[in-house]
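Me: Please take a close look at the salt bridges in this model. I would like to know which residues pair, where they sit, and what the nonpolar cores are made of.

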Amino acid sequence: MTRVRIDLFSSLDGYTAAPDPSADNPMGEDWGPLTAAYAATRTFRQKVFGHTSGAGTTGVDDSYAAAFFTGVGAEIMGAAMFGLHTYPDDPDWKGWWGDKPPFGCPVYVLTHSAPLPSIAMDGGTTFHFRSGAIEDVLAEATTAAGGLDVRVGGGVRTARNFLRADVVDDLHVAIAPIVLARGNRVWDDLRGLEHTHHVTTEVAESGTIHVNFTR
């Protein structure tokens, strides 16, 4: 049965990175320290950077990184995560991830610029651009997932829209042991999430606190 899932990163004070993307820093200035433990894992280095040496951390952080890439049949993301806001007039722009994005499935990009032609990439990723209601895009993604899960990849505003719509079955938040004091708030308007989902926590060797909301 298809489940809708989200993975987010947060600081101890409840912020994710601010939306200040650039060509050299597409996810914002604070994204590096916020995701350092994740990026250091063996799974991330293999799946995203194509490293085959086996280098990288194992343990709790790596188990969550492996789960991130498992069982996903379709992805949904916002326009900023694809990069449309940064390169709105570049007809050749195909996203931040190079010629072989790490998704390997249909990806639905939510944007007011739709309709736009779909973009097929190496490795099985095809970007589709949609401007409809999130429920309609989710229904399309669920069909495309073929019984696997639908992951709402972000950014945080897109993720929070799906959480407020009460369509998310699994939320994983990796809380890094840092204080940002700036950025986008993760938890605003999500009061009571612990009453609709079962909550578990696990602390990794890096000090990252993995919080899971499951129903």
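Reply:

**Salt bridges and cores**

In this predicted model, D188 and R185 form a salt bridge in which the closest N and O atoms are 3.6 Å apart. That separation counts because the cut-off between the side-chain nitrogen and the carboxyl oxygen is 4 Å. D188 is partly exposed, at 35% relative accessibility, and R185 is partly exposed as well, at 34%. Elsewhere, salt bridges with shared partners link E29, D30 and R182 into one network.

Within that network, R182 pairs with D30, and their closest N and O atoms are 2.8 Å apart. R182 is in the loop between strand 8 (170–175) and strand 9 (184–185), while D30 is in the loop between strand 2 (15–16) and helix 1 (31–34), so this salt bridge ties together parts 152 residues apart in sequence. The two partners are placed as follows: R182 is partly exposed, with a relative accessible area of 39%, whereas D30 is buried, with a relative accessible area of 8%. The value for D30 falls in the buried class because the limit for that class is under 20%.

R130 and E140 make another salt bridge, with 2.8 Å between the closest N and O atoms. Here R130 belongs to strand 6 (residues 126–130) and E140 to helix 6 (residues 134–145), so the pair ties together parts ten residues apart in sequence. R130 has 24% relative accessibility and is partly exposed; E140, with a relative accessible area of 30%, is also partly exposed. In total, the structure holds ten salt bridges.

Now the nonpolar cores. The largest of them has 26 residues, of which I6, L8, I76, V150, F162 and L171 touch the most other members. Two or more residues come from each of strand 1 (4–10), strand 3 (72–78), strand 4 (106–110), helix 6, strand 7 (149–154), helix 7 (156–164), strand 8 and strand 11 (209–214). Helix 6 is the element that gives the most to this core, with five residues.

V150 can be followed contact by contact. Leaving aside residues up to four places away in sequence, V150 touches T2, R3, V4, R5, A74, I76, L138, A141, T142 and A145. A second core, separate from the largest one, has 17 residues, among them A79, F103, A114 and F129.

To return to the salt bridges: helix 6 holds E140, the partner of R130 in strand 6, and helix 6 also supplies five residues to the largest nonpolar core.

Terms used
Residues are numbered from 1 along each chain as its sequence is written. This is a predicted model: local features need pLDDT of at least 70, side-chain atom pairs count only at pLDDT 80 or more; totals for chains, interfaces and linings use all residues. Side-chain values use heavy atoms; hydrogens and water are left out. Helices (H or I, at least four residues) and strands (E, at least two) are DSSP runs, numbered from the N terminus. Buried means under 20% relative accessible area, exposed over 50%, partly exposed in between (1.4 Å probe, protein chains only). A nonpolar core is a set of buried Ala, Val, Leu, Ile, Met, Phe, Trp, Tyr and Cys residues joined through side-chain atoms within 4.5 Å. Contact means heavy atoms within 4.5 Å.
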